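Trainee: I would like a close look at one part of this model. Please take me through the surroundings of the ligand.

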Amino acid sequence: MTTITLVQGDITRESVDAVVNAANSSLLGGGGVDGAIHRRGGPAILDECRTLRASHYGKGLPTGQAVATTAGDLDARWVIHTVGPVWSASEDRSQLLASCYRESLRVADELGARTVAFPAVSTGIYGWPIDDGARIAVETVRAADTAVEEVRFVLFDERAYEAFAKRVG
Ligand code: AR6
């Protein structure tokens, strides 16, 4: 049974087994959560991302998939990088967003992670509306078959926190 908890704050400050990064397919960094994780986690994370690009992910990590690296200086054992879809008003990409949560939990299970912190994937730079992003996140985690004991959603601002609180109930 997975417990869902909600926290408002900066995901890079959390103590968990695995922190999920809202990455892009290059795996080489960016803004938002991605920028914060690489800043606070230090260069070891980028080193492993470069190694992944040079081996399994020559074309980058596809949208909806997830891959783990060290967490560097973060208070965690692993960072699980996932690539959310860019929001589109004309095309339904919900399955890709759900896949980010499912695949991240699958990777967490492979690692043996029991506590996992997630940001609200795609709801920042990628433009996904927060209410719908929260719905997909919570529904997907609830439906997941995983040994992860705690999924902690770490929401940056009050609006995002409230959107998740409404879904978790
Ligand atoms: N801790 C927790 N949540 C945060 C933090 C933080 N430190 N910083 C931002 N958020 P985003 P995306 C919230 O933009 O939409 C990057 O350039 C933010 O308010 O980080 O998936 C990547 O390299 C929002 O609710 O990720 C990609 O190119 C949520 O986290 C692209 O952005 C996700 O916002 C990915 O865009």
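How many nonpolar, polar and charged residues does the shell around the ligand have?

Mentor: Keep in mind that this is a predicted model. By class, the shell has 11 nonpolar residues, nine polar ones and two charged ones. That covers the 22 residues around the ligand. Five of them come nearest: N24, G31, V33, D34 and T123.

Next, look at the backbone. At G31, a polar backbone atom is 2.7 Å from an oxygen atom of the ligand. V33 also takes part, with a backbone N or O atom 2.8 Å from a ligand oxygen. Y126 offers a polar backbone atom too, 3.0 Å from an oxygen atom of the ligand. Now turn to the surface of the ligand. Taken alone, the ligand exposes 690 Å², and the protein buries 90% of that. The space that the ligand takes is the largest pocket.

Which elements build the shell? Two of them, β2 (18–23) and α1 (32–41), each give two or more residues. The largest share comes from α1, with four residues. Find that helix on your screen and follow it towards the ligand.

Finally, a word on aromatic rings. The whole structure holds five aromatic pairs. One of them joins W87 and W128 edge-to-face, with 5.1 Å centre to centre and 75° between the planes. This pair links distant parts of the chain, as its two residues are 41 residues apart. W87 sits in the loop between β4 (78–83) and α3 (94–111). W128 sits in the loop between β5 (115–118) and α4 (130–143).

Definitions and conventions: Residues are numbered from 1 along each chain as its sequence is written. This is a predicted model: local features need pLDDT of at least 70, side-chain atom pairs count only at pLDDT 80 or more; totals for chains, interfaces and linings use all residues. Side-chain values use heavy atoms; hydrogens and water are left out. A residue is near a molecule or strand if one of its heavy atoms lies within 4 Å of it. A polar contact is a pair of N or O atoms within 3.5 Å; within protein, one must be able to donate a hydrogen and the other to accept it, and residues adjacent in sequence count only if both atoms are side-chain atoms. Accessible areas come from the Shrake-Rupley method with a 1.4 Å probe; for residues, only the protein chains shown count as cover. On a 1 Å grid over the protein atoms alone, a cavity is a set of points where a 1.4 Å probe fits but cannot get out, and a pocket is an open set with protein on both sides within 12 Å along at least five of seven lines; lining residues have an atom within 4 Å of a point. A molecule sits in a cavity or pocket if more than half of its atoms lie within 2 Å of its grid points. Ala, Val, Leu, Ile, Met, Phe, Trp, Tyr, Cys and Pro count as nonpolar, Asp, Glu, Lys and Arg as charged, and the others, Gly among them, as polar. Rings of Phe, Tyr and Trp (its six-membered ring) pair if their centres lie within 6.5 Å; planes under 30 degrees apart count as stacked, over 60 as edge-to-face and the rest as tilted.
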